Each structure stands twice: as C-alpha cells, then as structure tokens.
Amino acid sequence: MIFLLLPLFFGLQAAAVAAQSANVAFGAMTQDTGLPVEVTADNLSVDNATGTAVFEGNVLISQGEMKLSAQRVRVVYRTGGEGIAQMEATGGVLLVSGEDAAEAERADYDIDAGTLVMSGDVLMTQGPSALSAQEMTVNLTDGTAQMSGRVKTVLQTGTRN
C-alpha cells in the first residue's frame with residue numbers, strides 16, 4: 001500500500017511547486033556589481049542626447065562570472081556619463097552564472113540595485129533540474145532568485161521505484 005501512496009505524495013509535492021511563486025538559489029557565487037561590464041555586438045548606435053546606446057546582433061555581456069547574451073541590448077548611462085545605470089535585453093535572452101542558466105524573452109538589469117528581472121517564458125536549469133515561470137528576479141548581490149507566474153518544476157526524488 002505504501003508503494004502506491006509514494007507516487008501520489010511526490011506528485012502532490014510537484015504540484016505544490018507549480019504554484020504562483022518560488023524562491024531558488026541562482027549562480028555558483030554572488031556577483032560583484034562593481035566589476036566592469038564588457039559588451040560585444042555586431043552593431044552599436046549611440047544617442048548622446050538621451051544617454052543611451054543600443055547594441056544589436058549577437059550581443060554578449062560579461063560581468064565577472066555572469067554572461068548574458070541577446071539579439072538586442074539597450075544600455076542607459078548614468079547622468080553625466082559616469083557608468084551604466086541599467087540594461088534592457090530582448091530577443092533570445094540567455095543568462096549564465098556558474099552552472100546555472102536561464103532563458104527568457106526579456107531581461108532588465110538594474111546595475112545599482114544588483115537585480116536582474118527576466119520575463120516572458122522563463123526557463124531556468126540547474127544541473128538536471130529545470131524550473132519555468134513567467135518572471136524571475138535575480139538578486140546578484142546574494143545569488144538568490146524568485147520565480148513567479150505559473151511556476152513549474154519536476155522534483156527528483158533520488159529513488160527508482
């Protein structure tokens with residue numbers, strides 16, 4: 001009888017994770033948001049009047065151990081041109097930190113706050129596990145993430161029955 005109840009128990013546990021939000025760890029280490037940001041792309045357009053730059057085509061952004069790629073990234077500079085305030089990535093966004101990876105339609109990175117919000121069909125992989133949601137907010141200072149909007153995952157029990 002207990003063997004019949006175990007799959008039901010684990011099924012209910014997986015269903016509970018498919019709720020509206022979940023907190024997870026993201027990245028092998030915390031991110032130093034004070035590190036320089038390196039951006040490479042096929043094209044660059046700069047608008048000095050608005051203090052923005054648009055990188056397009058095979059965009060790759062690196063900051064320490066964190067890598068972000070997308071088709072288009074809009075960079076907003078701080079007033080006075082002293083560093084980057086935020087970045088907005090769209091088009092096949094992929095974020096990699098350590099062994100963790102996440103993909104989405106869009107990512108908004110607030111450098112000063114040390115947060116990255118990924119939205120639109122977010123899929124995060126951590127080793128053999130995968131989680132999906134509509135939005136994920138990553139705190140790069142402490143290496144945590146919160147997923148919300150129809151969160152779904154499958155829990156690995158570690159047993160083979």
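Which residue in S4 is the bridge partner of Val39? It is Ile61, and that pair is a good way into this structure, which is a predicted model. Thanks for coming, everyone; let me walk you through it, starting with strand S4.

S4 covers residues 52–63, and nine of its twelve residues are buried. Strand S2, residues 38–40, pairs with S4 in the antiparallel sense, over three bridges; the Val39 and Ile61 pair that I opened with belongs here. Strand S3, residues 43–47, also runs antiparallel to S4, and five bridges join the two. If you want a landmark in that pairing, take Leu44, whose bridge partner in S4 is Phe55. S3 and S4 make a hairpin with four residues between them, and in the turn Gly51 has a positive phi of about 70 degrees.

Now the other partner. Strand S5, residues 66–77, pairs with S4 over ten bridges, again in the antiparallel sense. Here you can find Thr52 standing opposite Val76 in S5. S4 and S5 form a hairpin too, with two residues between the strands, and Gly64 takes a positive phi there, near 60 degrees.

Stay at the S3 and S4 loop for a moment, where Thr50 is placed. The side chain of Thr50 makes a polar contact of 2.8 Å with the side chain of Thr52. Thr50 and Tyr77 are 27 residues apart in sequence, yet their C-alpha atoms are 8.8 Å apart in space.

A word on backbone angles. Most residues other than glycine have a negative phi. Which makes two residues worth a look: Asn58, with a positive phi near 50 degrees, and Arg150, with a positive phi near 55 degrees. Asn58 is placed within strand S4 itself, while Arg150 is found in the loop between strand S10, 144–148, and strand S11, 152–153. Is Arg150 buried or exposed? The cut-off for exposed is over 50% relative accessible area, and Arg150 is exposed because its value is 56%.

Just along the chain, in strand S11, we meet Thr153. Thr153 counts as buried because its relative accessible area is 10%, and the limit for buried is under 20%. The side chain of Thr153 reaches the backbone oxygen of Ala130 at 2.8 Å.

Let's go inside. The largest nonpolar core has 31 residues, and those touching the most other members are Leu68, Val73, Met87, Leu116, Met118, Met136 and Met147. The elements giving two or more residues to this core are S4, S5, S6 (84–97), S7 (100–110), S8 (115–126), S9 (129–139) and S10. In soluble globular proteins, nonpolar side chains tend to be buried together.

I'd suggest centring your view on Leu68. Leaving aside residues up to four places away in sequence, Leu68 touches Val59, Leu60 and Ile61, among others. Its contacts also include Ala89, Val93, Leu94, Leu95, Ala107 and Leu116.

Last stop: how many cavities of 30 Å³ or more does the structure hold? There are two, and the largest has a volume of about 70 Å³. Ile61 is one of the residues lining that largest cavity, and so are Leu68 and Leu116. The lining also includes Met66, Met87, Glu88, Ala89, Ala107 and Tyr109. S5, S6 and S7 each supply at least two lining residues, and S6 gives the most, with three.

So we finish back at Ile61, the partner of Val39 and part of that cavity lining. Thanks for listening!

Definitions and conventions: Residues numbered from 1 in each chain as written. Predicted model: local features only at pLDDT ≥ 70, side-chain atom pairs only at ≥ 80, totals over all residues. Heavy atoms only, no water. Buried < 20%, exposed > 50% of the residue type's maximum accessible area, 1.4 Å probe, protein only. Pairing = 2+ DSSP bridges. Core = buried A, V, L, I, M, F, W, Y, C linked by side-chain atoms within 4.5 Å. Contact = heavy atoms within 4.5 Å. Polar contact = N/O pair within 3.5 Å; in protein donor to acceptor, adjacent residues only side chain to side chain. 1 Å grid on protein atoms, 1.4 Å probe; cavity = no way out; pocket = protein on both sides within 12 Å on 5 of 7 lines; lining within 4 Å. Points joined across faces, edges and corners; volume = space filled by probe spheres on them.
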